[in-house]
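This briefing goes through a few parts of one structure, grouped by topic. Keep the sequence at hand while reading.

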Amino acid sequence: MDHPAINRREAVEAVDDGLAPDTVSAISLAFAVLAAVWFSDGTRGGLIAGALLLCASLVLGTFRPDGVLDRAGEFTVYAGLTAGAAGAALPGVSLWWAAAGAVALLSVRDTMDASYAATCQNTPRSSGVLRRVGKGLGLPPGERLALVSVTAAVAGARPTFAVLLAWGSAAATVTLAGRTARSLVR
């Protein structure tokens, strides 16, 4: 996971000062699981506590390049949000479809990214501010978890999934359109 706001060398030095990368990975995953537990409470306090724990997981996640654990923690958080919404909602209201949609959307997008990266290794990339803005609008993991933290704490699970699905769908559509246009130009 790439977080440009945090210097990678500083992160590595912090890990070298006493914690192994695997230990930091485990702690980060534990914070994500604890966030999911608090989100599953469904109360305002639980949503705020879950958001704070998710932010801690996100910060610790900058020290480890483990995408599998990142996704495991993220998907666990979605399950916690969904369970909390089910407990706090009217009978018969379920957000499991939204959580499944978010997981499917991210899985498809990750597959698209990997496929594109494998076929375009020598393609020149744009640099500087434009590239960073484009990456941020694409809702990469760090920005996505920050979005989940803020919207869950402020508005709850339903708006969190609505924003996540809408933004993720728009980002995937724009990315696919851009990549298709670049492929046609070649």
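**Helix α2 and its neighbour**

V24 is a residue of helix α2. The model described here is predicted. The points below begin with V24 in α2, then turn to helices α3 and α5, and end with an aromatic cluster made by F75, Y78 and F161.

- V24 has a relative accessibility of 4%, so V24 counts as buried.
- V24 and L60 are 36 residues apart in sequence, yet their C-alpha atoms are 6.6 Å apart in space.

**Helix α3**

- Helix α3 covers residues 44-61, which makes 18 residues.
- From first C-alpha to last, α3 reaches 25 Å, close to the 26 Å expected at 1.5 Å a residue.
- The buried residues of α3 are G46, L47, G50, A51, L53, L54, S57, L58, L60 and G61.
- L60, the partner of V24 in the distance given above, is therefore on the list of buried residues in α3, and the cover over these buried residues includes α2 (21-39), α4 and α7 (141-155).

**How α3 and α7 pack**

- The axes of α3 and α7 are 8 Å apart, and the two helices pack at an angle of about 165°.
- α3 and α7 are therefore roughly antiparallel to each other, because an angle over 145 degrees counts as such.
- The crossing of these two helices, α3 and α7, is left-handed.
- On the α3 side, the residues that meet α7 are R44, L47, I48, A51, L54, C55 and L58.
- On the α7 side, the residues met are G142, L145, A146, V148, S149, A152, A153, V154 and A155.

**Helix α5**

- Helix α5 covers residues 96-119 and has 24 residues.
- The distance from the first C-alpha of α5 to the last is 35 Å, close to the 34 Å expected at 1.5 Å a residue.
- A98, A99, A102, L105, L106, R109 and Y116 are buried in α5.
- These buried residues of α5 pack against α4, α7 and α8.

**T82 in helix α4**

- T82 is part of helix α4, and T82 is buried, with a relative accessible area of 0%.
- Leaving aside residues up to four places away in sequence, T82 touches L95, W96, A99 and F161.
- Of these contacts, A99 is among the buried residues of α5, and F161 lies in helix α8.

**The aromatic cluster**

- How many aromatic pairs does a search of the whole structure find? The search finds two.
- The rings of F75 and Y78 have centres 6.1 Å apart and planes at 40°, so this pair is tilted.
- F75 and Y78 are three residues apart in helix α4 (residues 67-88), so about one helical turn separates them.
- An α-helix has 3.6 residues a turn, so residues three or four places apart point the same way.
- Is F75 buried or partly exposed? F75 is partly exposed, with a relative accessible area of 25%, whereas Y78 counts as buried at 1% relative accessibility.
- Y78 also pairs with F161: the centres are 5.8 Å apart and the planes are at 70°, an edge-to-face arrangement.
- Y78 lies in helix α4 and F161 in helix α8 (residues 157-185), so this pair ties together parts that are 83 residues apart in sequence.
- F161 is buried, with a relative accessible area of 1%.
- Together, F75, Y78 and F161 form one aromatic cluster.

Note on methods
Residues numbered from 1 in each chain as written. Predicted model: local features only at pLDDT ≥ 70, side-chain atom pairs only at ≥ 80, totals over all residues. Heavy atoms only, no water. Phe/Tyr/Trp six-rings, centres within 6.5 Å; stacked < 30°, edge-to-face > 60°. Helix = DSSP H or I, 4+ residues; strand = E, 2+ residues; numbered from the N terminus. Buried < 20%, exposed > 50% of the residue type's maximum accessible area, 1.4 Å probe, protein only. Expected span 1.5 Å × (residues − 1). Contact = heavy atoms within 4.5 Å. Axes fitted to C-alpha atoms, helices over the stretch in contact; angles between N-to-C directions. Parallel < 35°, antiparallel > 145°, perpendicular 65-115°, else oblique. Left-handed = near helix turned anticlockwise from the far one by under 90°.
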